[in-house]
Each structure stands twice: as structure tokens, then as C-alpha cells.
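Subject: Structure for you to look at

Hello,

Here is the structure I promised to pass on, with the sequence alongside. My notes follow below it.

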Amino acid sequence: MTEKTLVLIKPDAVERNLIGRILVEYERNGLKICDMKFIHASTELAEKHYAEHQGKPFFNRLVAYLTRSPLVALVLEGDNAISRVRALNGTTDPEMSPDNTIRALYGLSLSENTVHASDSKESSIREQSIWFG
Ligand code: CMP
């Protein structure tokens, strides 16, 4: 089943010149980039993206981090793209992430975990609309 999913290459990755190395992981696994932009997110955009985490103790930290410097937003397409991209990314906490996942390779911490990907069809549609209109 062909799906699309929204990915963010987050500020900690852009700051450390990791954009190319992360895109290679997706492309060599057969995922197609069908939209992409480099953007310095506003607080409003970051709060919309992380709306489900509003009220959690780490929410303000998360928004401050996502808006501190530019990120890359992209849409990837492929068979079962949502679950495949999440498998390539690894677990939220880089320290627990399986070997060779993007977060195990490059993640710094639970907050600065290098990449984001939609976790369901519904969030993929919602997040594509937030970042690409
Ligand atoms: P992401 O996949 O972008 O989706 C939600 C983000 O919240 C997650 O990555 C983490 O960066 C962050 N997050 C989740 N749990 C915690 C936590 N306990 N402390 C700090 N950040 C968290």
C-alpha cells in the first residue's frame, strides 16, 4: 500500500551538517522524496505540530528546540512508508534505539532526537497540511 509520511530533519541534525547522511538512509531504502523545504519554524508552527504534547512538562522545551534554528521538512512516499520510516528512525530515546537506526547513529537525547516522522495515517495527513499547506 503506497503511503506518504511527513518527516522533519530537526535542528540538531541541520546544525551538525547531517541532512545529506539522513536523506541517504531514506533514499537507499527505496523511499521517494516528493516534497521538501528548508524552514526556520515559528513558535506557532511548532506548537501546532506538537499540539498533542501541549501541557506535558517537556512541551516548552520541545517548542524552543524546534524553533531555535532551521530544519528540513519533507514528505516521503513508498509502500508502507509510515511504518518503514519509523523503523528507520528508531525509538524516541536514542539510547534505546536499535543499532544503525538514524536516532541510534545521530540522536543526542530524548529531546534532541534528530528526526521526526508521522506515527499514523491521520497524523501524516495533519502534519503534511501543517508544513506544506
Ligand atoms: P518526536 O518523534 O518528534 O515526537 C514528540 C517528541 O517529544 C519526541 O520526538 C521527543 O523529541 C519529545 N519527547 C518525548 N518524550 C519526551 C520526554 N520525556 N522528554 C523530553 N522530550 C520528549
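Reading from the N terminus, the elements of the chain follow the order β-α-α-β-α-α-β-α-α-β-α. That makes seven helices and four strands. Please keep in mind that this is a predicted model.

Overall form

The radius of gyration is 14 Å, and for 133 residues a compact globule would come out near 14 Å, so the chain agrees with that expectation. Along the principal axes, the C-alpha atoms fit a box of roughly 35 × 30 × 25 Å. Of the 133 residues, 48% count as buried. If you take the contacts with a separation of 6 or more, 75% of them join residues 24 or more positions apart.

The exposed surface comes to about 6,800 Å², and carbon and sulfur atoms supply 50% of that area. On the charge side, there are 16 positive and 18 negative side chains. The centres of these two sets lie 2 Å apart.

The cores

In soluble globular proteins, nonpolar side chains tend to be buried together. Here the largest nonpolar core has 19 residues, and Ile-9, Ile-22 and Tyr-26 have the most contacts inside it. Two or more residues each come from β1 (2-9), α1, α2, β3 (71-79), α5 (81-89), α6 and β4. Apart from this core lies another, of 16 residues, which includes Leu-6, Leu-45, Val-63 and Leu-66.

Which residues does Tyr-26 touch, leaving out those up to four places away in sequence? The list is Val-7, Leu-31, Leu-76, Val-85, Leu-88, Asn-89, Ile-102 and Val-115.

Leu-71 and Tyr-65

Leu-71 is in strand β3. Its relative accessible area is 0%, so it counts as buried, the limit being under 20%. Beyond four places in sequence, Leu-71 touches Leu-8, Ile-9, Lys-10, Pro-11, Val-14, Lys-37, Phe-38, Ile-39, Ala-41, Leu-66 and Trp-131. Asp-12 is 59 residues from Leu-71 along the chain, and their C-alpha atoms are separated by 8.5 Å.

Tyr-65 belongs to helix α4. With a relative accessible area of 4%, Tyr-65 is buried as well. Asp-12 appears again here: Tyr-65 and Asp-12 are 53 residues apart in sequence, and the distance between their C-alpha atoms is 8.4 Å. Asp-12 is also one of the contacts of Tyr-65 once neighbours within four places are set aside. The others are Lys-10, Pro-11, Ser-111, Glu-112, Asn-113 and Thr-114.

Two residues with positive phi

Thr-114, one of those contacts of Tyr-65, has a phi near 75°, a positive value in a residue other than glycine. Thr-114 sits in the loop between α6 (102-106) and β4 (115-117). Is Thr-114 buried or exposed? Its relative accessible area is 0%, so Thr-114 is buried.

Asn-17 also has a positive phi without being glycine, with a value near 60°. Its place is in the loop between α1 (11-15) and α2 (19-28). Asn-17 has 62% relative accessibility and therefore counts as exposed, for which the limit is over 50%.

Phe-58 and Ile-130

Phe-58 is in the loop between α3 (43-49) and α4 (59-66). Its relative accessible area is 33%, so Phe-58 is classed as partly exposed. Phe-58 and Ser-111 are 53 residues apart in sequence, while their C-alpha atoms are 8.3 Å apart in space. Ser-111 was already named above among the contacts of Tyr-65.

Ile-130 is in helix α7, which covers residues 121-132. At 15% relative accessibility, Ile-130 falls under the 20% limit and so counts as buried. Leaving aside neighbours within four places in sequence, Ile-130 is in contact with Leu-45, Lys-48 and His-49. Leu-45 was named earlier as one of the residues in the core of 16. The C-alpha atoms of Ile-130 and Lys-56, which are 74 residues apart along the chain, are separated by 21 Å.

Regards

Notes:
Residues numbered from 1 in each chain as written. Predicted model: local features only at pLDDT ≥ 70, side-chain atom pairs only at ≥ 80, totals over all residues. Heavy atoms only, no water. Buried < 20%, exposed > 50% of the residue type's maximum accessible area, 1.4 Å probe, protein only. Rg over C-alpha atoms; globule rule 2.2 N^0.38 Å. Contact = heavy atoms within 4.5 Å. Areas by Shrake-Rupley, 256 points an atom, 1.4 Å probe, with all protein chains shown as cover. Lys, Arg positive; Asp, Glu negative; His and termini not counted. Charge placed at Lys NZ, Arg CZ, Asp CG, Glu CD. Core = buried A, V, L, I, M, F, W, Y, C linked by side-chain atoms within 4.5 Å.
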